[in-house]
Protein chains: 2
Amino acid sequence: MRPFSKVFERLKSAGLRPTRQRLALGKLLFENGDRHLTAEKLHTEALNEEIRVSLATVYNTLHQFTEAGLLREIVVDSSRSYFDTNTTNHHHFFIEETGDLHDIPADQVNLSDLPPAPEGREIKRVDIVVRV
Amino acid sequence: MRPFSKVFERLKSAGLRPTRQRLALGKLLFENGDRHLTAEKLHTEALNEEIRVSLATVYNTLHQFTEAGLLREIVVDSSRSYFDTNTTNHHHFFIEETGDLHDIPADQVNLSDLPPAPEGREIKRVDIVVRV
DNA sequence: GTGTTTGCAAAGTGTTTGCAATTTA
DNA sequence: TAAATTGCAAACACTTTGCAAACAC
């Protein structure tokens, strides 16, 4: 494994030790364009690439990456968690039949006139899910 | 139990037999304004009102009501299902800390310029969740 | 070496299911 | 009485956790 790959640097600057598992999962996640993955899917993908990693580590890693701001968790299905490698402001098409997600760039929707947040709260995020 | 309550009629016209459990759950759901409930919360509420009903029946009932169009399922939390007694087009504030939902009437937001659905699909629903 | 990370297996949580007993029409 | 519904307990799917062994620095 090249010691100074993009992913290596990315982990270091996020304060995460670039372990074998994190590097391998990071490469799958970040070197293949924008991706939307469940833990199970990422685990399967890793095993297919001969990367030995346990499902528990995949879960831990996804959460650590999310906390570090490298991933974003998307809620579209009440029985599964999706993680999105695109952490910028954007929205989603959710294809219910297949469980696939497609990005909708924030500048392709026009949302305005949102009422103010309930007393004493502030808006953390606005998620638009278009079910198709 | 009054034989011709609103709920009784509502169940009948939805093609659901007005059993003791469905009537009792229906009253809790529909005679207290707009509500957002999880199965667990509704079950607890029922037991507090001395309504003997099993959690399995609460789940079955929520799904039957949803299929019949009396409820709508809301996805905001990847570990719990919420059911909303307001089945008209509207959106939500989600208070992450407490797990509470508040309605945002559809006419209080302005959403336009949505890109077209992916090839061969049509938009079933647009959900806006404002996390606060 | 020391503290962090990993893998495993076990436990946890919310939800669904099979089936006998009960209820409704 | 026939068909639908219920309750229970077991099964399920996904996720988290405790802890000893392995690894990174």
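## Two cavities and a helix pair

Select Arg131(A), Val75(B), Asp127(B), Ile128(B) and Val129(B): of the 14 residues that line the largest cavity, these lie nearest its centre. The model is a predicted one, and the cavity has a volume of about 90 Å³.

Next, colour the strands around this cavity. Strand E7 (125-131) of chain A supplies at least two residues of the lining, as does each of three strands of chain B: E2 (72-77), E4 (90-95) and E7 (125-131). Which of these gives the most to the lining? Strand E7(B) does, with four residues. Colouring the lining by residue class gives six nonpolar, three polar and five charged residues.

**The second cavity**

The count comes to two cavities of 30 Å³ or more, and the tour now moves to the other one. The second largest cavity has a volume of about 60 Å³. To show its lining, select Arg72(A), Ile74(A), Val75(A), His90(A), His92(A), Arg125(A), Asp127(A), Ile128(A) and Val129(A), then add Arg131(B) from chain B. Strands E2 (72-74), E4 (90-95) and E7 of chain A are the elements that give two or more residues to this lining. The largest share, four residues, comes from E7(A). By class, the lining of the second largest cavity divides into four nonpolar, two polar and four charged residues.

With both selections on screen, look at Arg131 in each chain. Arg131(A) is among the residues nearest the centre of the largest cavity, and Arg131(B) is in the lining of the second largest. Residues 127 to 129 can be checked in the same way: Asp127(B), Ile128(B) and Val129(B) belong to the largest cavity, while Asp127(A), Ile128(A) and Val129(A) line the second largest.

**The helix pair in chain A**

Leave the cavities and select helix H3 (residues 39-48) and helix H4 (residues 55-67), both of chain A. Their axes are 9 Å apart, and the helices pack at an angle of about 120°. How are H3(A) and H4(A) oriented to each other? The angle lies outside the 65 to 115 degree range for roughly perpendicular and is not over 145, so H3(A) and H4(A) are oblique. Their crossing is right-handed.

Now show the side chains at the contact. H3(A) contributes Ala39(A), Glu40(A), Leu42(A) and His43(A), and H4(A) contributes Leu55(A), Val58(A), Tyr59(A) and Leu62(A). Six of these contact residues are nonpolar, one is polar and one is charged.

Note on methods
Residues are numbered from 1 along each chain as its sequence is written. Chains are lettered from A and ligands numbered from 1 in the order in which they are written. This is a predicted model: local features need pLDDT of at least 70, side-chain atom pairs count only at pLDDT 80 or more; totals for chains, interfaces and linings use all residues. Side-chain values use heavy atoms; hydrogens and water are left out. Axes are lines fitted to C-alpha atoms, for helices over the stretch in contact, and angles run from 0 to 180 degrees between N-to-C directions. Angles under 35 degrees count as roughly parallel, over 145 as roughly antiparallel, 65 to 115 as roughly perpendicular and the rest as oblique. A crossing is left-handed if the near helix is turned anticlockwise from the far one by less than a right angle, and right-handed if clockwise. Contact means heavy atoms within 4.5 Å. Ala, Val, Leu, Ile, Met, Phe, Trp, Tyr, Cys and Pro count as nonpolar, Asp, Glu, Lys and Arg as charged, and the others, Gly among them, as polar. On a 1 Å grid over the protein atoms alone, a cavity is a set of points where a 1.4 Å probe fits but cannot get out, and a pocket is an open set with protein on both sides within 12 Å along at least five of seven lines; lining residues have an atom within 4 Å of a point. Grid points are joined across faces, edges and corners, and a volume is the space filled by probe spheres set on the points.
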